[in-house]
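Please read the points below with the sequence and the structure side by side, and check each one as you go.

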Amino acid sequence: MRIGKVAERAGVSVRALRYYEEQGLVIADRSPSGHRQYPESAVERVKFIQLLYAAGLTSKAILQILPFLDTLVATPQMTRRLTDERARIRGKIDALTRAHDRLEELIRLAAEYENSPATCSASADVAASHTSPPRH
């Protein structure tokens, strides 16, 4: 499959695909005319790479994980790496969940007080200090 087709089906740019190849994350054969030729499996591999990037993994970390995907042979070091990455991602999910829940609470409070005639004195004081010239 040509580079443009893989990029289109995987939802990435051709430039990203070339970068992944430079990093050793995907491998392409070359046609006699020099064009990159990718196997069908490259589409799912690129989607997986994108998923790992979105989760915060670096190219180096992804490169260490991909051999297991290719061979299904794990070393103790590979298993540790996968476990560590899972724990790191879980920590990020937990932090994002806490932030989400706090925002949800604030949105609920904002909706509750949205039409209230009262204003927070601290907010009013801050707003006044930014719009009024200093008094002597």
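1. D70 is partly exposed, with a relative accessible area of 49%, and this value falls short of the exposed class because that class begins only over 50%. The model in which this is seen is a predicted one. The side chain of D70 meets that of R45 in a salt bridge, with 2.4 Å from N to O. This pair links distant parts of the chain, since D70 lies in helix 4 and R45 in helix 3, 25 residues apart. R45, by contrast, counts as buried, because its relative accessible area is 18% and the limit for buried is under 20%.

2. It helps to place this pair in the chain as a whole. The secondary structure comes to six helices and two strands, and from the N terminus on the elements run α-α-β-β-α-α-α-α. Of the 136 residues of the chain, 23% count as buried.

3. Helix 4, which covers residues 59-71, has 13 residues and reaches 19 Å from its first C-alpha to its last, close to the 18 Å expected. A kink of about 25° lies at I65 in this helix, shortly before the proline P67. I65 is also one of the buried residues of helix 4, the others being S59, A61, I62 and L66.

4. The structure holds 10 salt bridges, and some of them join residues of one helix. Side chains of opposite charge can pair when their charged atoms come close. In helix 3 (residues 41-54), K47 and E44 lie three residues apart, about one turn of the helix, and their side chains meet in a salt bridge of 3.7 Å, N to O. K47 is partly exposed at 37% relative accessible area, whereas E44 is exposed at 51%.

5. Helix 5 offers a similar case for study: E112 forms a salt bridge with R108, the closest N and O atoms being 3.3 Å apart. The two residues are four residues apart in helix 5, and are therefore separated by about one helical turn. R108 counts as partly exposed, at 47% relative accessibility. Elsewhere, E21, R30 and R36 are linked in a network of salt bridges.

6. L106 is found in helix 5, residues 76-113, and together with L103 and I107 it makes a nonpolar surface patch of about 290 Å². L106 is partly exposed, with a relative accessible area of 38%. An unreviewed UniProt entry places a "coiled-coil region" at residues 86-116; over these residues the chain is 90% helix and 0% strand, with the end C-alpha atoms 45 Å apart.

Notes. Residues are numbered from 1 along each chain as its sequence is written. This is a predicted model: local features need pLDDT of at least 70, side-chain atom pairs count only at pLDDT 80 or more; totals for chains, interfaces and linings use all residues. Side-chain values use heavy atoms; hydrogens and water are left out. Patches are made of residues with over 30% relative accessible area and no salt bridge: like charges are joined within 9 Å, nonpolar side chains (Val, Leu, Ile, Met, Phe, Trp, Tyr) within 5 Å. Accessible areas come from the Shrake-Rupley method with a 1.4 Å probe; for residues, only the protein chains shown count as cover. A salt bridge is a side-chain nitrogen of Lys or Arg within 4 Å of a carboxyl oxygen of Asp or Glu. Buried means under 20% relative accessible area, exposed over 50%, partly exposed in between (1.4 Å probe, protein chains only). UniProt positions are given in the numbering used here, feature names are shortened, and annotations may be inferred rather than shown by experiment. The expected span of a helix is 1.5 Å times one less than its number of residues. The bend at a residue is the angle between axes fitted to the seven residues ending there and the seven starting there.
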